[in-house]
Amino acid sequence: MHPIKLCARSPRPSSKKRKRPAAAAATPPESEPEPVHNTAACNSEGENNATGKRREHNNKKMKEKKSKRKKKQGEGKKGSGILTDKLFSDLPISDLTANAIRDMNYTHLTEIQARSIPPLMLGSDVMASAKTGSGKTLAFLIPAIELLCRLRFSPRNGTGVIVLCPTRELAIQTHNVAKELMRYHSQTLGYVIGGIDLRGEAEQLAKGINVLVATPGRLLDHMQKTKSFKYECLKCLIIDEADRILEQNFEEQMKQIFKLLPRQGRQTVLFSATQTEKVEDFAKLTFGSKEERQRTLVYVGVDDHESKATVEGLKQGYCVIPSERRFLVLYAFLKKALSEKTKVMVFFSSCNSVKFHAQLLNFIQIECYDIHGQLKQHQRTSTFFKFHKAEHGILLCTNVAARGLDIPDVDYIVQYDPPDETKDYIHRVGRTARGDNGKGSAILFLLPKELQLLIHLKEKIVGGNYILNRSAKEAYKSYLLAYKSHSMKDIFAIHQLDLTSVAASFCFSEPPKVNLDLESSASKHRKKRNVNTGRSHGIGPSNPYGRKGSDDRRQFARF
């Protein structure tokens, strides 16, 4: 990671299209552009050298675009990125699935697909890990759909495959990929997620959903409350982004789900972007002990031999910016991004901060989308698909958009607030440079606590607007609370923050009055000193009558 000079770099023009991921949701291929017809007098007498060079440059760019499109559609051989030389056409799959894959313009398998699909097709349990954007979704969906196809599953059989995802957006995205794959199949598909009417989902489950994509909490609700939900014939359980499921505190819910789901004859699949001790412990719970296992457990670790946790095509950098200038730098960067029509995602530490900055930027004519946990589900879904389809734009978000989501052609990831943990950083930057030979850049904003000279933002916009002012206070408070709860407290120490500077970044001339329930280190020291008072006599909460001598055998009682 390298430092970046303020405002020295500008986003790339959108004319540079990068490859789409080889194993993610595919949109219909773009129609071929009309060929550029050269006039008869292209290089005729009277045409100056500048015009000729310009035409030559345009023709060269058109050829590059065509060659890129051919590679994107899989006409080329193995790429130098994540693709292998193995073909989807060589897989022992049905014509129905093969036709769907062909329609999605995929020809070559990625590394994780090539190594995990064969054991899954043989019926083994699989625990796999690979970097984000490497094609894990197709890796587990193709064998699962083929399994139901071979068994001739129908709606009356109930649910045969369950795919568990940590977030609603990832569940919807996985559902859409499955929908593309099952285009020619007769099996039914659906999803159940939080934020949607439980009764409507129950009616769909009663009709019979063969492949069900779900979030853990909502799945457990239906298992406990929806009597018409048939899952006794479950053949395959897939857990996607297992490390994130643990982070979301779904562990207890997962234990209850495992107790209710049938284990006999069930294939279990666990996919993750990172391997941690927690994931390994979770795997023991998922697959059971060696004595309890009914199938062979295969481990697939694509990136275990690599020292880098991020992909090759990702350029990473950081900006050291005083608090009061952070928003100015963000504003300048996003304004440049809009003018050059690039696609940018900006990460914040809290929902309120996303909400405030989205309101502020839209108010000052920097159009942007926003996704955070406080939005209603239909708003989150609508925003996700709008940004997904957009060729350029800006999305402000929390970590709810940091994992698993495949948004094509993202040029820049800006981390306005630092991530809480290293793995959060990895997954945030994983939204760009996806797929084979994917390219992208990531910028991390950092605060220099040693800088004393502060320049405050003018508060005319926020101070004069009631809605923005209230939103700014909530965002300011949420930022401080998030900073306070940071796991690396030796670096992100709340008591070392210059609150005046932080307030300036939210357009306040001085820190607003908010209740944070923060204790100073001096206050903690005084409390500790007060508790220690009287200890020379042995008096304390557990011994109100003082220290007893060695020969003192009296029994004391407190009434």
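**Two helices and a sheet**

Reader: At what angle do the axes of α5 and α13 cross?
Author: The axes of helix α5 (residues 168-181) and helix α13 (residues 377-389) come within 10 Å of each other. Helices are DSSP runs of H or I with at least four residues, and strands are E runs of at least two, numbered from the N terminus. Axes are lines fitted to C-alpha atoms, for helices over the stretch in contact, with angles from 0 to 180 degrees between N-to-C directions. These two cross at roughly 55°.

Reader: Can we trust every residue equally, and what are α5 and α13 to each other?
Author: This is a predicted model, where local features need pLDDT of at least 70, side-chain atom pairs need 80 or more, and totals for chains, interfaces and linings use all residues. Residues are numbered from 1 along each chain as its sequence is written, and side-chain values use heavy atoms, without hydrogens or water. Under 35 degrees counts as roughly parallel, over 145 as roughly antiparallel, 65 to 115 as roughly perpendicular and the rest as oblique. So α5 and α13 are oblique.

Reader: Which residues of α13 make the contact?
Author: Contact means heavy atoms within 4.5 Å. On the α5 side sit R168, E169, I172, Q173 and N176. Their counterparts on α13 are Q377, R380, T381, F384 and F385.

Reader: Which strands stand at the edges of the sheet?
Author: Strands pair if DSSP finds at least two bridges between them. Here 7 strands form an open, parallel sheet, in the order β6-β7-β5-β8-β9-β4-β10. Two of them have a single partner strand each, so one side is left without a neighbour in the sheet: β6 (189-192) and β10 (297-301).

Reader: What is the bridge partner of A128?
Author: Strand β4 (residues 125-129) runs parallel to β10, joined by 5 bridges. In β10, the partner of A128 is V300.
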